[in-house]
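Visitor: Please take me through one part of this model closely rather than touring all of it, and explain each term when it first comes up.

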Amino acid sequence: MIERLADGCRRSLIDLRGVNFIDSMGLSVLVGVLKRVITVHGELKLVITDANTQQLFVLTGLQHVFPVYGSGYQSRRTS
């Protein structure tokens, strides 16, 4: 992500469809990436399909911080 931002990419999508577990370190990494993206007035979207992972974002309140979508197609439609 740091390289993408340095190359001028301001809009990114992180595909977490294959992820069925995220620990506090993983959440911290995502928040850190988001902070970097915000500093360059960029946009970061997440694709999450696993119900447990979606629930984790609800329980932590991160669904209000990250735009979370159920598919890459859905995320592109909101651009």
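**A close look at the sheet and its core**

Guide: Let us begin with a single pair of residues: opposite S12 stands L44, which belongs to β2. Strands such as this one (E, at least two residues) and helices (H or I, at least four) are DSSP runs, numbered from the N terminus, and two strands are said to pair if DSSP finds at least two bridges between them. This is a predicted model, in which local features need pLDDT of at least 70 and side-chain atom pairs count only at pLDDT 80 or more, whereas totals for chains, interfaces and linings use all residues. Residues are numbered from 1 along each chain as its sequence is written, and side-chain values use heavy atoms, with hydrogens and water left out.

The pair belongs to a wider arrangement, for β1 and β2 are joined in the parallel sense over five bridges. R11 has E43 of β2 as its bridge partner, and D15 has V47 of β2. The open sheet has three strands in the order β1-β2-β3, with parallel pairing. Because β1 (11–15) and β3 stand at the edges, each with a single partner strand, one side of each is left without a neighbour in the sheet. Against this sheet packs α2, which touches β1 and β2 and runs at about 150° to the direction of β2; contact here means heavy atoms within 4.5 Å, and such angles run from 0 to 180 degrees between N-to-C directions, with axes fitted to C-alpha atoms and, for helices, over the stretch in contact.

How are the two faces of β1 covered? S12 and I14 make up its covered face, while R11, L13 and D15 make up the uncovered one. β2 is mostly covered, since four of its five residues are buried, where buried means under 20% relative accessible area, exposed means over 50% and partly exposed lies in between, with a 1.4 Å probe and protein chains only.

From the strands we can move to the core. In soluble globular proteins, nonpolar side chains tend to be buried together. A nonpolar core is a set of buried Ala, Val, Leu, Ile, Met, Phe, Trp, Tyr and Cys residues joined through side-chain atoms within 4.5 Å. The largest one here has 15 residues, and those that touch the most other members are I14, L16, L30, L44, L46, F57 and F66. Two or more residues come from each of α2 (24–39) and β2 (43–47), and the largest share, five residues, is given by α2.

F66 repays a longer look. Leaving aside neighbours within four places in sequence, F66 is in contact with L30, V31, L34, L44, L46 and F57. A search of the whole structure finds one aromatic pair, and it is formed by F57 and F66, which lie edge-to-face at 6.0 Å centre to centre with 75° between the planes. Rings of Phe, Tyr and Trp (its six-membered ring) pair if their centres lie within 6.5 Å, and planes under 30 degrees apart count as stacked, over 60 as edge-to-face and the rest as tilted. Both F57 and F66 are buried.

The residue just before, V65, lies in the loop between α3 (51–60) and β3 (68–69) and is partly exposed, with a relative accessible area of 44%. The C-alpha atoms of V65 and V31 are separated by 8.8 Å, although the two residues are 34 apart along the chain.

Helix α3 also holds T53, which counts as buried at 2% relative accessibility. Residues up to four places away in sequence not being counted, T53 touches V19, N20, F21, I22 and I48.

For contrast, H41 is found in the loop between α2 and β2 and is exposed, with a relative accessible area of 75%. Phi of H41 is near 60°, a positive value in a residue other than glycine. Most residues other than glycine have a negative phi.

To place this part in the whole, the chain has four helices and three strands, which follow the pattern α-β-α-β-α-β-α along the sequence, and 29% of its 79 residues count as buried.
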